[in-house]
Amino acid sequence: MIKFLNVTKQYQEDKMALSDMTVNIDRGEFVFLVGPSGSGKSTFIKLLLKEIDPTIGKIKIDGKDITRISQRKIPHLRRKMGVVFQDFRLLQDKTVYENVAFAMAVINTSPKEIRRQVPNVLALVGISDRANMFPHQLSGGEQQRVAIARAIVNNPSVLIADEPTGNLDPETAWETMKLLKQINRRGTTILMATHAKDIVDMMQQRVIAIENGKIVRDDQKGVYGYED
Amino acid sequence: MAMKTRTIIYSIKQGIKGSWRNRMMSIASITSIASVLMILGIVFMIVININSFSEITKGQFDTIQLDLEDDLSDGDMQNIGKSVKSIDGVKSVYFLSKEKALDNMKKKWGENGYLLEGLQKNPLPNSYVVELMDMRYADEVVKRVKGLQGLEEVRYYKDLVEKILKITDFIRLAGLIVIGVLILISMFVVANTIKLTVIARKKEIGIMKYVGATNWFIRCPFMIEGMILGVMGSAIAIGVISFGYKYVFDLITQKVYVMIAVYMVPAPVFIKSIAIIIAVLGIGIGVLGSIISMRKFLRV
C-alpha cells in the first residue's frame with residue numbers, strides 16, 4: 001500500500017532529513033511513527049502527501065510511484081488520504097456539519113451524496129448531537145472528532161494523524177484512540193505520528209522509530225521506547 | 001456537466017463574498033480599473049479622431065497649388081499650364097482664377113463671408129491646381145515646377161500631411177505607453193485586493209488542498225472576484241466615456257464648429273468599439289490580477 005524505497009530527503013547540503021529509508025506499510029495496518037522532534041517524522045508525512053519530493057528514491061502508493069506523477073494529479077492522490085492535525089484546523093465560521101460537508105463539496109460531490117454521507121460519519125465519530133454547533137462551542141476532544149470525521153468522509157484508504165492527541169487531556173486522548181482503532185477496523189490504514197508514550201505502549205501496534213532520518217526500530221506490537 | 005455548474009455557482013458566490021468582505025479595497029480596485037480605462041478611452045478618442053482627421057486631410061491636400069505672378073499675360077499663363085501638364089506624374093491641371101478663388105473663400109467662410117466684401121482689390125493670385133497621379137511623384141514634380149518662370153509660390157501640403165501623420169504616431173505611441181503602465185498598476189491594485197481574500201481564506205485553502213480539491217477549483221472563486229472588479233470598473237468607464245463623447249460630439253455639431261465635426265468619428269461608431277475594448281481590458285486586468293495574487297499561495 002505505502003512503500004518507501006531508499007528514500008533520501010535533503011533540505012540543505014549538510015542536513016539530511018531522511019536518509020536511505022526503506023519501509024513498507026500494508027493495507028489495513030495501524031502504525032505509530034515515533035522519534036524525537038526533528039527526527040524526520042514530519043518529513044515522512046510531507047513526502048507521503050507530496051507536499052515535497054524526495055531528493056533520491058521512490059515512494060509508491062497503491063503500486064504507483066508518486067514521485068513521478070504530475071502536479072495536476074496531486075489532488076487525486078490526496079483524495080486517497082485523510083489528514084488530522086494536532087491543532088484540528090476546523091473552519092470557525094462553519095458548523096460541525098458544514099465543516100464536514102465542505103470537504104466533500106470541494107471535491108465536487110453531489111449535494112445528495114453529501115446529505116447522505118455527512119450524518120453517517122458524524123454518527124460514526126459520535127458527535128451527531130453537535131452537528132449544528134460551531135467549533136468554539138465544542139471541547140478539544142469533540143473538535144478532534146470533527147476533524148477526524150472530515151478526514152474520513154471521502155473514504156480515504158489511509159488516515160494520517162500528526163500528533164492527534166497532542167492538545168488533549170489523557171482521558172479524551174484515549175477516546176480519540178478508540179475512535180481511530182474503530183476506523184482502522186473498518187479497513188482504513190492508520191499512520192499516526194506521536195509523542196504519547198502511554199498510548200503507544202498500551203495500543204500494542206506496529207511502531208516505527210525514526211532518529212536522524214533513519215529507521216532505528218520497526219516492531220510489530222512495539223512500545224514507545226523513549227523516556228519522555 | 002452538473003459538476004461544472006455547481007463549481008461555477010460556488011465560485012460566483014465565493015467571489016461576491018470575497019469582494020464584499022474587502023469592500024474598501026474592492027472600491028479602490030474598481031476605481032483604479034475605471035480610471036485606467038477612462039484614460040484609455042480618452043487616448044483612444046484622441047487617436048481615432050486624429051486618424052480620421054489625417055485620413056480626410058490627406059485626401060484634401062493631395063494637390064500642388066501654383067500661384068502665378070500678378071503681371072503675366074494670358075499667353076504666359078497658358079504656356080506655364082502646358083509645361084506643367086507635360087511633367088511625368090501629373091494627372092491634371094486646372095486653372096483657378098483669382099476671382100474664382102475669392103468666391104471659394106467667401107463660401108468657405110460662410111456667414112462671415114461679408115467681411116471679404118469690403119476689399120478694394122482682390123489679394124488672391126491666379127493659380128494652377130495640379131493633381132498628381134500618385135503622392136510619390138510629389139517631390140519630383142515640385143522640383144521641376146520650381147524651375148519654371150512666372151511662378152510666385154508653389155504651395156504644397158505634403159509637409160503638413162507628414163507632420164500630421166508624425167503627430168498621430170507620437171500620440172498613439174505615448175498613449176500606448178501610458179496605458180500600458182496604468183494597466184500594470186491597476187493589475188497590482190487588484191492583486192493586492194484579492195490577496196486580502198486569499199489571506200482571509202488561507203485556512204480554507206489549506207484544507208481544500210489536503211482533501212484533494214483541484215487547483216482550478218481553489219482558484220476559480222478568486223478569478224471570479226477579479227472578474228467582478230473588472231466588470232464593474234469597465235461599466236463605469238464605458239458609461240463615463242460614452243456619455244462624455246456624445247456630449248462633446250453634440251456640442252461640436254450643434255454649435256459653430258461644424259467644420260470640425262466633419263472630421264470626428266460619429267458617437268455610435270466610437271462608443272461601440274471603445275465599449276468592447278474597455279470591457280475586454282477591464283476583465284483581463286481583473287483576472288490577471290487575481291492570478292498574480294494567488295501564485296505564491298497555490299504551491300503545495
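# Exercises on a predicted two-chain model

A:Asp62 sits in the loop between S4 and S5 of chain A. Keep in mind as you work that this is a predicted model. Let's start with that loop residue and build outwards.

## Exercise 1: A loop residue with an unusual angle

Task: Find out what sign the phi of A:Asp62 has, and whether the residue is buried or exposed, or in between.

Solution:
- Step 1. Look at the backbone: phi of A:Asp62 is near 50°, so the value is positive, and the residue is not a glycine.
- Step 2. Recall the usual case: most residues other than glycine have a negative phi.
- Step 3. Check the surface: A:Asp62 has a relative accessibility of 35%. Buried would need under 20%, and exposed would need over 50%. A:Asp62 therefore counts as partly exposed.

## Exercise 2: A second positive phi

Task: Do the same for A:Lys50: where is it found, and how does its relative accessibility classify it?

Solution:
- Step 1. Place it: A:Lys50 is in the loop between H1 and S4 of chain A.
- Step 2. Read the angle: phi is about 55°, again positive in a residue that is not a glycine.
- Step 3. Classify it: relative accessibility is 7%, so A:Lys50 counts as buried.

## Exercise 3: The sheet around these loops

Task: Work out in which order the strands of the open sheet in chain A are arranged, and which ones are the edge strands.

Solution:
- Step 1. Write down the order: the 4 strands run S2-S1-S4-S5, with antiparallel pairing.
- Step 2. Pick out the ends: strand S2 (15-25) and strand S5 (64-65) of chain A each pair on one side only, so they are the edge strands.
- Step 3. Zoom in on one edge: 2 bridges join S4 (residues 56-61) to S5 in chain A. Take A:Lys60, for instance, whose bridge partner in S5(A) is A:Asp65.
- Step 4. Add the helix: H1 (residues 41-48) of chain A lies across S1 (2-12), S2 and S4, and runs at about 115° to S1(A).

## Exercise 4: Who does A:Asp62 pair with?

Task: Name the salt-bridge partner of A:Asp62 that has its closest N and O atoms 3.5 Å apart from it, and say which parts of the chain this pair ties together.

Solution:
- Step 1. Start from the principle: side chains of opposite charge can pair when their charged atoms come close.
- Step 2. Name the partner: A:Asp62 forms this salt bridge with A:Lys80.
- Step 3. Locate both ends: A:Asp62 is in the S4-S5 loop of chain A, while A:Lys80 is in the loop between helix H2 (74-78) and strand S6 (81-85), so the pair ties together parts that are 18 residues apart in sequence.
- Step 4. Check the partner's surface: at 28% relative accessibility, A:Lys80 counts as partly exposed.
- Step 5. Widen the view: A:Arg27, A:Asp62 and A:Lys80 are linked in a network of salt bridges.

## Exercise 5: A salt bridge within a helix

Task: Over to chain B. Which helix holds B:Asp250 and B:Lys246, and how many residues apart are they?

Solution:
- Step 1. Find the helix: both residues lie in H8 (residues 215-254) of chain B.
- Step 2. Get the spacing: they are 4 residues apart, about one turn of the helix.
- Step 3. Look at the contact: their side chains meet in a salt bridge, at 3.7 Å from N to O.
- Step 4. Compare the surfaces: B:Asp250 is partly exposed at 29%, and B:Lys246 is partly exposed at 44%.

Key
Residues numbered from 1 in each chain as written. Chains lettered and ligands numbered in written order. Predicted model: local features only at pLDDT ≥ 70, side-chain atom pairs only at ≥ 80, totals over all residues. Heavy atoms only, no water. Contact = heavy atoms within 4.5 Å. Axes fitted to C-alpha atoms, helices over the stretch in contact; angles between N-to-C directions. Buried < 20%, exposed > 50% of the residue type's maximum accessible area, 1.4 Å probe, protein only. Salt bridge = Lys/Arg side-chain N within 4 Å of Asp/Glu carboxyl O.
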